Each structure stands twice: as C-alpha cells, then as structure tokens.
Amino acid sequence: MDVKTKNMDISLEKLGRMAEELMLPGRFILLALNAALESVTNVLAAILGSQVFRRHFHLMLSGLVLFGPVLNLWVSKFSIFTNSHHYLYRKFLRSTWGWTWIFSGSFILLLSLSARHSLSLSLRHLSRIGVVGLLWWGCRRILTLLEDSTGTCYEPIAQETQSSASLGLPPPLLLLLHEGRSKASCLRDNMVWRGYEVSQDVLILCLCCLLLVEELSVFGPHMVRERRSGPPGAPLRFVFLLCVALLAVWMFLLLCVLAYFPKFPSQQLGGALGYLGWKGLYQGWYTHGPSWCFPGLPGDGPLTSTETGKQEE
C-alpha cells in the first residue's frame, strides 16, 4: 500500500508540474494582453477626456454632415458599400440604438458600481440612457407621422405608344396615385413614394456618437481618482474599448451613408435634430442635477461622491 501511495504521489506531482509548465505560456500571453489593454485604454481615455476633443467633436460631426455628401463625387460606384443591403447596414444601421444602449449601459453600470457600489446611483445614471431612448422613440413616431401625412404614393404603370415602339425605346411610365397609403406600405409593395422626409439614420447616428463621447469622457478622470485604491479592472477597460470601437463604427457608417446615399436636405435636417437632442439633454436638462427628476451629467455621482465619501471615512 505504501508503494502504491508513493507512486500516486509522484504521478500527481508530475501532473502538477506539467500543468504549471503548460499554464506558463498562457500566463505570459494574458499579461501581455492585459498590458496592451491598459496602454490602449489609457491613451483612448486621455483623448476622449480632453477638453479640446469634447468641445470640438460636435463641430467635427456637423462638418461631416454638411460636407459629407460632397464625397459622392469621388467614391466608386462599384464599391460594396453602395449596396443598401450590405451586412453593416443590415446588422448595425437598422439597430443602432440597440447596440448603443447595450454597450453604453454596460459601461455606465460597471463604472458606477466600481466607484460607489450603489445600486441607486447606477440606476440614476442609467436613466440618462432611458431618456435618450424615449427621445429617439418619440422622434421616430413624429417623423413617421409627418412623412405619411405630407407624402403621396404612386404606382408606376408602363404605357406603350407607337413612337416608342417604332424607335425600339422602352415605354414611358405613368404614375397612378394611391391615396391613404403609408410610406412603409408603399415601399413594401415596390411603389414610388414622393414627399418630404428627415433622415432617421443620420439622426440616430449623430445622437449616438454624441452620447458615447459624453459617457466615455469620464473614464479618464475616473482612473485618475481611483489610482489610490487601484487601477480599474480588465472588464471595465474591455467594455470601454468596445464602446470606443462602437463609436468608430458609427462614424464610419455615418460617412458611408452620407457619401454613398446623399439626400439633401433630409440628412442635414436629421443631423440637426440629433444635435438639438444632445444639446437639450447633456447641456440643458442634465446640468440641473442630480436630483429625483434630473439624472445629472456623466460622472456626477461616481466622481464627486467618491471624494466626499473618502473624506467622511
């Protein structure tokens, strides 16, 4: 029995050494990835948290919306982004607010919990995203109602004539008016819709870009204030990096929509509405907080309450 137990102990020791040898390269890889994550997030947090970037980002976005359609003169007509059914348009553009709500909400929740461990504070800061969601829902309903009430639906009908038949030309198209049709049902039946519209794609892209910049700008000051207790963990840094990547995707999609599908002035009106929504919330309503009816600006609770809490302790 003693020989068997000794052999079992030796075999277990060998297995333990082999496991340590196998885990050693994985530890080096994790350390390298963690170091890269820290360095990249530190640089991005410094850029997004700078006053120069925050004060001039909306100006850059406004210039992109105004002069982006001019790029249509130079872009290739055979590019994959000229297809409105491209993967990026189907998976991201049509669910812009959903992606923004998930990523920004996760970042706000992790940031507030890591700073104060208060559920009520986290819910108050998450309410900012809920207010923006209600604003987007209301804008969609109002714009859809205006488009349906001011536009008309036509059905193209080909009419053959003797002149076109003798010359071998395609027959001219006549437009048959369909009253009482909405824009969605008209386009679903492959008919022609004519009327005034505001680009909802440009509106939500501009609004989400401005929202992400406002919410992510507090990560740099948060890291500076939390150096005493330790740097932010990898999950918070990774979610921050995902939010920055989402911001880059929205900027790229906005550029593609403006360059490949220019619609003047509906896109400019959509960008103006998105800017007004951000202006009214983040530089208007949210500045009167925090209180029961004002969510407050990003960082009001996690950044200011931590210092007062430490002084009280």
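**Exercise 1. Identify the kind of contact that joins the side chains of Lys 183 and Glu 197, then place the pair in the chain.**

Step 1. The side chains of Lys 183 and Glu 197 form a salt bridge, at 2.4 Å from N to O. A salt bridge here is a side-chain nitrogen of Lys or Arg within 4 Å of a carboxyl oxygen of Asp or Glu.

Step 2. Lys 183 sits in helix H7, and Glu 197 in the loop between strand E3 (192–194) and H8. The two are 14 residues apart, and the pair links distant parts of the chain. Helices (H or I, at least four residues) and strands (E, at least two) are DSSP runs, numbered from the N terminus.

Step 3. Lys 183 is buried, with a relative accessible area of 18%. Glu 197 is partly exposed, at 29%. Buried means under 20% relative accessible area, exposed over 50%, and partly exposed in between (1.4 Å probe, protein chains only).

Step 4. Salt bridges with shared partners join Glu 147, Lys 183, Glu 197 and Lys 263 into one network.

A note on the source: this is a predicted model, where local features need pLDDT of at least 70, side-chain atom pairs count only at pLDDT 80 or more, and totals for chains, interfaces and linings use all residues. Residues are numbered from 1 along each chain as its sequence is written, and side-chain values use heavy atoms, with hydrogens and water left out.

**Exercise 2. Describe the salt bridges Glu 215 to Arg 128 and Asp 189 to Arg 181. Are their residues buried or partly exposed?**

Step 1. Start with the total: the whole structure has six salt bridges.

Step 2. In the pair of Glu 215 and Arg 128, the closest N and O atoms are 2.8 Å apart. Glu 215 lies in helix H8 and Arg 128 in helix H5, so the bridge ties together parts that are 87 residues apart in sequence.

Step 3. Glu 215 is buried, at 2% relative accessible area. Arg 128 is buried too, at 1%.

Step 4. Asp 189 and Arg 181 meet at 2.3 Å, N to O. Asp 189 is partly exposed at 44%, and Arg 181 is partly exposed at 24%.

**Exercise 3. Find the largest pocket and describe its lining.**

Step 1. A pocket is searched for on a 1 Å grid over the protein atoms alone. It is an open set of points with protein on both sides within 12 Å along at least five of seven lines. A cavity is a set of points where a 1.4 Å probe fits but cannot get out. Lining residues have an atom within 4 Å of a point.

Step 2. The largest pocket holds about 1,000 Å³ of space. Grid points are joined across faces, edges and corners, and a volume is the space filled by probe spheres set on the points.

Step 3. Of the 24 lining residues, the closest to the centre are Lys 183, Leu 187, Glu 197, Asp 201 and Lys 263. Lys 183 and Glu 197 are the salt-bridge pair of the opening exercise.

Step 4. Helix H5 (119–150), helix H7 (183–188), H8 and helix H11 (266–282) each supply at least two lining residues. H5 gives the largest share, five residues.

Step 5. The lining divides into seven nonpolar, eight polar and nine charged residues. Ala, Val, Leu, Ile, Met, Phe, Trp, Tyr, Cys and Pro count as nonpolar, Asp, Glu, Lys and Arg as charged, and the others, Gly among them, as polar.

**Exercise 4. Which residues line the second largest cavity?**

Step 1. The structure holds two cavities of 30 Å³ or more. The second largest has about 40 Å³ of space.

Step 2. Its lining consists of Arg 54, Phe 57, Leu 210, Val 213, Glu 214 and Trp 278. Helix H2 (51–67) and helix H8 (200–216) are the elements that give two or more residues. H8 gives the most, with three.

Step 3. Four of the lining residues are nonpolar, none polar and two charged.

**Exercise 5. Classify the ring pair of Phe 219 and Phe 240.**

Step 1. Rings of Phe, Tyr and Trp (its six-membered ring) pair if their centres lie within 6.5 Å. Planes under 30 degrees apart count as stacked, over 60 as edge-to-face and the rest as tilted. The count comes to 14 aromatic pairs.

Step 2. The centres of Phe 219 and Phe 240 are 4.4 Å apart and the planes are at 20°, so the pair is stacked.

Step 3. Phe 219 belongs to helix H9 (residues 219–225) and Phe 240 to helix H10 (residues 234–260). Both residues are buried.
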